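This report covers one helix pairing and two threonine positions. Please keep the sequence and the structure at hand while reading.

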Amino acid sequence: MNKDLKKYFPVFVLPTLVAFIIAFIAPFIMGFGLSFTKFNTVTNAKFVGLDNYVKIFTDPNHDFLKALGFTSLFTVVSIITVNVIAFALAMLLTRNIKGTNFFRGVFFLPNLIGGIVLGYIWQLLINGVLDMLVNSDITKSSTYGFWGLVILNNWQLIGYMMVIYIAGIQNIPGDLIEAAAIDGASPSKTLFKITIPMVMPSITICMFLTLTNSFKMFDQNLALTGGAPGKETQMLALDIYKTFYGRVGWQGVGQAKAVIFFIIVALIALLQLRATRSKEVEQ
């Protein structure tokens with residue numbers, strides 16, 4: 001049976017492999033090549049060497065660097081807030097209290113709503129609150145925009161991360177918790193010495209998902225603030241979009257920004273995975 005499976009393995013893998021090459025590998029290679037050209041369409045691309053990459057860092061507006069700084073700060077805050085709140089909710093909803101299944105469903109629902117829709121919904125809600133309190137709106141201050149994006153991101157991701165944490169917590173052997181209680185371990189000691197180490201695989205997954213989703217956020221940023229005021233709340237993905245479609249003759253620069261963006265996200269994600277997985281090994 002195993003020999004038969006090995007024999008037909010390429011047949012089953014081939015369709016997925018072809019789709020992956022067409023949908024991901026080929027466009028990535030083409031995009032990387034276009035980042036070294038000046039073009040309006042892919043048929044009239046003209047090689048310009050590293051000029052596009054030089055323009056990114058010599059642009060007097062410093063749009064890319066500002067967007068990188070804003071995105072990095074937003075990602076750090078989101079990783080902390082999303083995971084702390086999601087873990088706290090998971091701990092609460094694994095205590096056999098009434099209505100846990102209902103609350104799990106309620107907290108998970110925002111993850112099913114599209115980012116553009118969420119952005120416009122939260123824009124209305126936040127603007128309503130700001131209008132009552134300070135007679136302003138989210139596009140008038142970068143501080144309002146930043147925390148508005150954090151709130152939106154938390155509301156969308158917490159439920160999804162909570163489900164992953166619940167699965168990790170429920171896999172902790174009950175005997176281990178009971179033994180700690182018999183030995184007189186306090187709740188805080190049980191949390192930091194048993195629960196958190198045992199759910200490190202879930203923490204690794206949740207931190208990876210939060211990091212990548214936060215760093216590459218686009219549609220929520222476009223709908224909620226559009227980068228306003230000015231470009232102060234413009235994140236990297238939105239900056240790339242506006243460079244590519246909003247500045248004549250800068251398509252190649254936008255493509256170069258996309259390549260750098262990919263490298264940054266990949267490197268940070270790999271470093272995070274390595275750091276958290278090392279904790280799993282140590283436990």
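## Helix pairing and two threonines

In this predicted model, helix 3 (residues 63-92) and helix 9 have axes that come within 9 Å and cross at roughly 145°. The crossing in which helix 3 passes helix 9 is right-handed. On the helix 3 side, the contact is made by Leu68, Thr71, Ser72, Phe74, Thr75, Ser78, Ile79, Val82 and Asn83. Helix 9 contributes Cys206, Met207, Thr210, Leu211, Ser214 and Phe215. By residue class, the contact of helix 3 with helix 9 comprises eight nonpolar, seven polar and no charged residues.

One of the helix 9 residues in this contact is Thr210. Leaving aside residues up to four places away in sequence, Thr210 touches Ser78, Ile79, Val82, Asn83, Leu157 and Met161. Among these, Leu157 and Met161 fall within the span of helix 6, residues 142-170.

Helix 6 also holds Thr143. The table sets out the location and exposure of the two threonines.

| Residue | Helix | Relative accessible area |
|---|---|---|
| Thr143 | helix 6 (residues 142-170) | 47% |
| Thr210 | helix 9 (residues 200-215) | 0% |

Is each threonine buried, partly exposed or exposed? Thr210 is buried because its relative accessible area, 0%, is under 20%. Thr143 counts as partly exposed, because its 47% lies between the 20% and 50% limits.

A further value concerns the position of Thr143. The C-alpha atom of Thr143 is separated by 18 Å from that of Asp63, and the two residues are 80 residues apart along the chain.

Terms used
Residues are numbered from 1 along each chain as its sequence is written. This is a predicted model: local features need pLDDT of at least 70, side-chain atom pairs count only at pLDDT 80 or more; totals for chains, interfaces and linings use all residues. Side-chain values use heavy atoms; hydrogens and water are left out. Helices (H or I, at least four residues) and strands (E, at least two) are DSSP runs, numbered from the N terminus. Buried means under 20% relative accessible area, exposed over 50%, partly exposed in between (1.4 Å probe, protein chains only). Contact means heavy atoms within 4.5 Å. Axes are lines fitted to C-alpha atoms, for helices over the stretch in contact, and angles run from 0 to 180 degrees between N-to-C directions. A crossing is left-handed if the near helix is turned anticlockwise from the far one by less than a right angle, and right-handed if clockwise. Ala, Val, Leu, Ile, Met, Phe, Trp, Tyr, Cys and Pro count as nonpolar, Asp, Glu, Lys and Arg as charged, and the others, Gly among them, as polar.
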